[in-house]
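Here is a walk through a single chain and the two ligands it holds. Keep the structure open while you read.

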Amino acid sequence: MFVKHGLNSGYSSLASSAVLRRQQFLIRSLGVYSVSDITHLKKRMEAVKCSSGGASFEADAECVLRAITPSLDPKRHKGQAGKIAVIGGCREYTGAPYFAAISALKIGADLSHVFCTQGAATVIKSYSPELIVHPILEESYSIIDVDDEGRRQISKKILSEFDKWMERFDCLVIGPGLGRDPFLLECVSKIMTHARESNVPMVVDGDGLFLVTNSIELVSGYRLAVLTPNVNEYKRLVQKVLGGDVDDQNTHGELLSLSKQIGGVTILRKGKSDLISDGEIVQSVSIYGSPRRCGGQGDILSGSVAVFLSWARQHISATKRESTISQTNPTVLGCIAGSALLRKAAALAFKHKKRSTLTTDIIEHLGQSLEAICPAS
Ligand SMILES: NC(=O)C1=CN([C@@H]2O[C@H](COP(=O)(O)OP(=O)(O)OC[C@H]3O[C@@H](n4cnc5c(N)ncnc54)[C@H](O)[C@@H]3O)[C@@H](O)[C@H]2O)[C@@H](O)CC1
Ligand SMILES: Nc1ncnc2c1ncn2[C@@H]1O[C@H](COP(=O)(O)OP(=O)(O)OP(=O)(O)O)[C@@H](O)[C@H]1O
Ligand SMILES: [Mg+2]
């Protein structure tokens, strides 16, 4: 099924009937909900559809992008367009945190930090002088001779180093290229707990999802958290939280249940269409992207969602929830915008590079893709 969308696009009768069938299917799959729940659900969905009309769960992503992207006002100072921190980068992975952090800057954030291990820091710095890199994390292999008390001191030091910066950030991205070392993950759990206590939003991806799947209390009930699972990460999350296998016959209902079960955390399930739910609504982004599945596209997405989520929160507080868009959960708006922009950039990169399209090519098209929707001047 191909669903047309966009501010000015109409819906063909074929698309409308398919969309209606999908809506009826969701309502059937929500058998446990009352009539008032469903009315509320429909109203929330209307809010994201913006002015394009039509009964669809396909988000009007261009409308969301236009609404939340801030203008380049000369009165604004450095930092107001967003300060993002990526927590990731270890012995194996240096590309993933770089992709997430540089994507945030390419979209328009003012500052992008990376918190990683010492070894990864030198490499990440050499990719780009634009990133602010903090070599604070430690993996077990680097503290092999340290006793329990020594490890406690190291963990305390890592936390206090991070705390010095934490409240400056508009959003954290936890997990791209983090690795799965137990000592490192224990320190990151503490960082997440502190960030949550200070109400700092977080996007959890990659190995951050491995951590969260095994310690769901880290995000459970935290409405400023976004999880961005790929196919494997989603499967593990469903098995752990819902206690069964992924049900491909009930994708929307399952995503709603999963998000509800984790206390309304927003989940962006990546795939052929990206599906987004905060436990109340389900939105999809199906804009055509690229057939290339090179590694790193999810990292672009996590960095992008962090920026758009921050902009959505600014938009909502500036408009005092008066517009339809500003009545929507900012985490959902951030996911819609991030997903749509990544897909547009991937399509442009593929047009030029075809089979040799790589993540760095997609990053180079983020600016052009946003410019086509929200011109800088
Ligand atoms: N250039 C880089 O530094 C990149 C690093 N990445 C990082 O790599 C780490 C792991 O991410 P992945 O997306 O690879 O993690 P996944 O858990 O999706 O996959 C890990 C590997 O195991 C395989 N696998 C996992 N579950 C499986 C299953 N049930 N059956 C069969 N095979 C299975 C996958 O095919 C994959 O090759 C993350 O920290 C991520 O951020 C990726 O973001 C890609 C780019
Ligand atoms: N089958 C597909 N068809 C079209 N687009 C897809 C498909 N699968 C994923 N995507 C797009 O690619 C983006 C990244 O998803 P992917 O599943 O590759 O993430 P990932 O495995 O976490 O990536 P990474 O390699 O960065 O860890 C998604 O947001 C989605 O828009
Ligand atoms: Mg990933």
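Two helices, α11 (297–319) and α12 (330–353), each supply at least two residues of the shell around ligand 2. Of the shell residues, four come from α11, which gives the largest share. This is a predicted model, and every value below is computed from it.

Which residues come nearest to ligand 2? Out of 14 around the ligand, they are N230, K270, D274, G296 and G298. Three of these residues can be followed down to single atoms. K270 places a polar side-chain atom 2.6 Å from an oxygen atom of ligand 2. N230 also uses its side chain, with a polar atom 2.9 Å from a ligand 2 oxygen. G296 works through its backbone: an N or O atom there lies 2.7 Å from an oxygen atom of ligand 2. Taken alone, ligand 2 exposes 630 Å², and the protein buries 77% of that. By class, the shell around ligand 2 holds six charged, six polar and two nonpolar residues.

Stay with N230, because it leads on to a helix that it caps: a side-chain oxygen of N230 lies 3.1 Å from the backbone nitrogen of N232, at the N-terminal end of α9. N230 therefore appears twice in this account, once beside an oxygen atom of ligand 2 and once as the cap of α9, where a polar contact is a pair of N or O atoms within 3.5 Å.

Now move along α9 itself. The helix spans residues 231–241. Which of its residues are buried? They are E233, Y234, L237 and V238. Seen down the axis of α9, these buried residues fall within an arc of 135°, so they line one face of the helix. The spacing fits a general rule. An α-helix has 3.6 residues a turn, so residues three or four places apart point the same way. What does the buried set of α9 pack against? Its partners are two helices, α8 (207–214) and α10 (251–261), and two strands, β6 (225–227) and β7 (266–269). After α9 comes G243, with a positive phi near 70°.

The other ligand also meets α9. Around ligand 1 there are 17 residues, and A96, G177, D207, R236 and D299 come nearest. D207 has a side-chain N or O atom 2.5 Å from an oxygen atom of ligand 1. R236 brings a polar side-chain atom to 2.8 Å from a ligand 1 oxygen. G177 contributes a backbone N or O atom, 2.9 Å from an oxygen atom of ligand 1. On its own, ligand 1 exposes 830 Å², of which the protein buries 53%. Two elements give two or more residues to the shell around ligand 1: α4 (95–107) and α9. By class, that shell has seven polar, five nonpolar and five charged residues.

Finally, step back to the whole chain. Its secondary structure comes to 14 helices and nine strands. The chain has 377 residues, and buried residues make up 54% of them. Take the contacts between residues at least 6 apart in sequence: 68% of these join residues at least 24 apart. The chain exposes about 16,600 Å², with carbon and sulfur atoms supplying 52% of that area.

Methods. Residues numbered from 1 in each chain as written. Chains lettered and ligands numbered in written order. Predicted model: local features only at pLDDT ≥ 70, side-chain atom pairs only at ≥ 80, totals over all residues. Heavy atoms only, no water. Near = heavy atom within 4 Å. Polar contact = N/O pair within 3.5 Å; in protein donor to acceptor, adjacent residues only side chain to side chain. Areas by Shrake-Rupley, 256 points an atom, 1.4 Å probe, with all protein chains shown as cover. Nonpolar A, V, L, I, M, F, W, Y, C, P; charged D, E, K, R; others polar. Buried < 20%, exposed > 50% of the residue type's maximum accessible area, 1.4 Å probe, protein only. Arc of directions from axis to C-beta. Contact = heavy atoms within 4.5 Å.
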